Amino acid sequence: MKAYRSIVVIILVLMLALPATAAGAASASISLTSPTPNPAMIGSEIAFDLAVSVDGFQTGVSGIDLYLNYDPAVVTPPTTPGAAAAEVLPDFFGVSNFSINEVLPASQCPGATKPCIHLVLAGPPQTSQIGIAARFHFRVTAVGSGSACFSIVQATMVDANGFNVPYVKSPGDLCQTIQNRATTGTVLRQGVPASPNPGGGTLACSSVTATGTWVYGPVVTNTDGNFSFTNLPAGTYTFRATYPGYLSSEKAGVAIPDNSITGNVGSTTLRGGDVNGDNAINILDIGAVISKFGKTSVAVRSAGGNCTTDEPADINDDGTVNISDLAITAGNWGKMGPTAWQP
Ligand SMILES: [Ca+2]
Ligand SMILES: [Ca+2]
Ligand SMILES: [Ca+2]
């Protein structure tokens with residue numbers, strides 16, 4: 001019974017004490033929100049917010065002066081040094097805030113180790129307010145060690161009389177995962193097993209290019225006919241696969257979204273018999289096979305693993321020009337390239 005009374009007394013004391021304490025305390029915080037997208041890829045624009053919270057300041061918070069470090073090896077602000085670097089938002093000080101907003105070289109930043117964004121915000125005194133004061137944007141330029149870290153290296157918060165306001169800052173470091181983007185697909189060739197590749201090579205050696213704003217590749221296919229492009233920028237691409245003695249194959253309108261880590265173009269099988277490489281299979285190709293009929297130990301691009309020279313009349317890369325190569329060519333008589341991208 002005595003213990004019960006003691007607990008009641010303690011609870012009563014706490015109930016009386018807590019509101020008094022809360023009413024008298026002023027608090028402020030500066031924090032960075034989680035970046036999006038996470039993970040990010042090369043070419044991605046990552047963004048995160050500067051969230052500010054003040055509560056119970058009678059004079060009102062009227063200014064914030066802040067330096068945000070970034071790692072220039074993996075990210076860059078979207079603007080040139082000296083230009084506006086952060087997007088100032090009206091959610092904390094309102095629309096009439098005044099701001100300084102600049103990218104500074106490392107030598108002008110606190111600690112002098114990394115470049116920084118210097119942001120100065122000032123506006124009407126806020127006694128109790130929570131809001132997003134600014135949004136930072138960076139473009140990913142490299143994978144580096146796999147992350148991009150940001151930190152507020154120095155910040156000052158002042159009230160309407162210019163006196164420093166104590167605040168809590170979080171987190172210490174804000175780190176964002178950066179990954180490579182892999183865009184993959186498969187190119188097989190008619191008359192050639194997918195794996196193992198004949199000729200003892202380690203690669204199937206079909207060439208693949210990806211044409212968007214610029215041309216990427218060629219990359220070559222591995223033993224299984226698979227290819228992979230690393231870090232194709234977001235955009236719309238035409239993929240084209242070629243191999244000597246075969247019609248090319250093409251897939252247009254392949255969209256690589258900004259935030260996709262992987263993409264697959266699908267599988268295609270090249271049709272054999274275009275010995276002279278004019279993307280049409282006709283009498284000229286038949287003639288080319290017949291003119292070399294019976295030749296052995298001819299050059300095989302897919303042998304040896306370095307995708308060098310090839311005898312295109314040896315369609316199936318078995319080192320001999322014979323009836324198999326003639327049959328493949330005759331069977332595709334009249335076909336034109338580039339063919340549709342399909343198995
Ligand atoms: Ca031809
Ligand atoms: Ca060949
Ligand atoms: Ca052959």
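**Stop 1: strand β1 and its partners**

Start by selecting strand β11, residues 168-170, together with β1: the two run parallel and are joined by three bridges. To see one of the facing positions, show Ser 31 and look across to Ser 170 in β11, which stands opposite. This is a predicted model, so keep a confidence colouring at hand as you go.

Now add β3 to the view. β1 and β3 pair in the antiparallel sense, over six bridges. Pick Ser 27 and you will find its bridge partner, Asp 55, in β3.

**Stop 2: the largest nonpolar core**

Stay with these strands and turn on side chains. The largest nonpolar core has 39 residues, and Leu 50, Leu 66, Phe 136, Phe 138 and Phe 150 touch the most other members. Elements giving two or more residues to this core include β1 (27-32), β3 (45-55), β4 (61-69) and β8 (116-126). You can complete that selection with β9 (129-140), β10 (147-159) and β12 (174-179). In soluble globular proteins, nonpolar side chains tend to be buried together.

Which residues does Leu 50 contact, leaving aside neighbours within four places in sequence? Centre on Leu 50 and you will see Ile 30, Ser 31 and Leu 32, then Leu 66 and Leu 119. The rest of its contacts are Gly 131, Ile 132, Ala 133, Ala 134, Phe 136 and Ile 152.

Before moving on, select Ala 210, Phe 227, Tyr 237 and Ile 256: these are among the members of a second, separate core of 30 residues.

**Stop 3: an open sheet**

Next, display the five strands in the order β15-β14-β17-β19-β22, which make an open sheet with mixed pairing. β15 (215-222) and β22 (339-340) are the edge strands; each has a single partner strand, so one side of each has no neighbour in the sheet. Zoom in on β22 and β19 (residues 249-256), which pair in the parallel sense over two bridges. Here Ser 249 stands opposite Thr 339 in β22.

**Stop 4: calcium ion, ligand 1**

Select ligand 1, a calcium ion, and show what surrounds it. Its donors are Asp 274 (OD), Asn 276 (OD1), Asp 278 (OD), Ala 280 (O) and Asp 285, the last giving OD twice, at 2.2 to 2.6 Å. Along the sequence, these donor residues are spaced D-x1-N-x1-D-x1-A-x4-D. Asp 274 belongs to strand β21 (residues 272-274) and Asp 285 to helix α2 (residues 283-291), eleven residues apart. Both Asp 274 and Asp 285 are buried. The six donor atoms make angles of 51 to 167°, and the site is irregular.

**Stop 5: calcium ions, ligands 2 and 3**

Move to ligand 3, also a calcium ion. The protein donors are Asp 314 (OD), Asn 316 (OD1), Asp 318 (OD), Thr 320 (O) and Asp 325, again with OD twice, lying 2.2 to 2.6 Å from the ion. The spacing in sequence is D-x1-N-x1-D-x1-T-x4-D. This site is irregular too, with angles of 52 to 161° among its six donor atoms.

Are Asn 316 and Thr 320 buried or partly exposed? Asn 316 is buried, at a relative accessible area of 10%, whereas Thr 320 counts as partly exposed at 22%.

Now add ligand 2. This calcium ion is coordinated by Asp 310 (OD, twice), Glu 311 (O), Asp 314 (O) and Asp 317 (OD), at 2.3 to 2.7 Å. Its donors follow the spacing D-E-x2-D-x2-D. Asp 314 serves ligand 2 through O and ligand 3 through OD. Both Asp 314 and Asp 317 are buried.

**Stop 6: Asn 332**

Select Asn 332, in the loop between α3 (323-331) and β22. Asn 332 is buried, with a relative accessible area of 2%. Not counting residues up to four places away in sequence, Asn 332 touches Gln 190, Arg 271, Gly 272 and Ile 281. Draw a C-alpha to C-alpha distance to Ile 281: the two are 6.6 Å apart in space and 51 residues apart in sequence.

**Last stop: the whole chain**

Zoom out. The chain has three helices and 22 strands, and 42% of its 343 residues count as buried. Among contacts with a separation of 6 or more, 70% are between residues 24 or more positions apart.

Finally, colour by pLDDT. The chain mean is 88, and 88% of residues reach 70 or more. Residues 8-23 fall below 50, and this stretch has one contact beyond near neighbours in sequence. Residues 196-200 are also below 50, with 14 such contacts in the model.

Definitions and conventions:
Residues are numbered from 1 along each chain as its sequence is written. Chains are lettered from A and ligands numbered from 1 in the order in which they are written. This is a predicted model: local features need pLDDT of at least 70, side-chain atom pairs count only at pLDDT 80 or more; totals for chains, interfaces and linings use all residues. Side-chain values use heavy atoms; hydrogens and water are left out. Donors are N, O and S atoms within 2.8 Å of the metal (3.2 Å for Na, K and Ca); water is not among the atoms, so sites may look incomplete. Four donors count as tetrahedral if all angles lie between 85 and 135 degrees; four count as square planar and six as octahedral if opposite donors are over 155 degrees apart and all others between 65 and 115; anything else is irregular. Helices (H or I, at least four residues) and strands (E, at least two) are DSSP runs, numbered from the N terminus. Buried means under 20% relative accessible area, exposed over 50%, partly exposed in between (1.4 Å probe, protein chains only). pLDDT is the predictor's confidence in each residue, from 0 to 100. Contact means heavy atoms within 4.5 Å. A nonpolar core is a set of buried Ala, Val, Leu, Ile, Met, Phe, Trp, Tyr and Cys residues joined through side-chain atoms within 4.5 Å. Two strands pair if DSSP finds at least two bridges between them.
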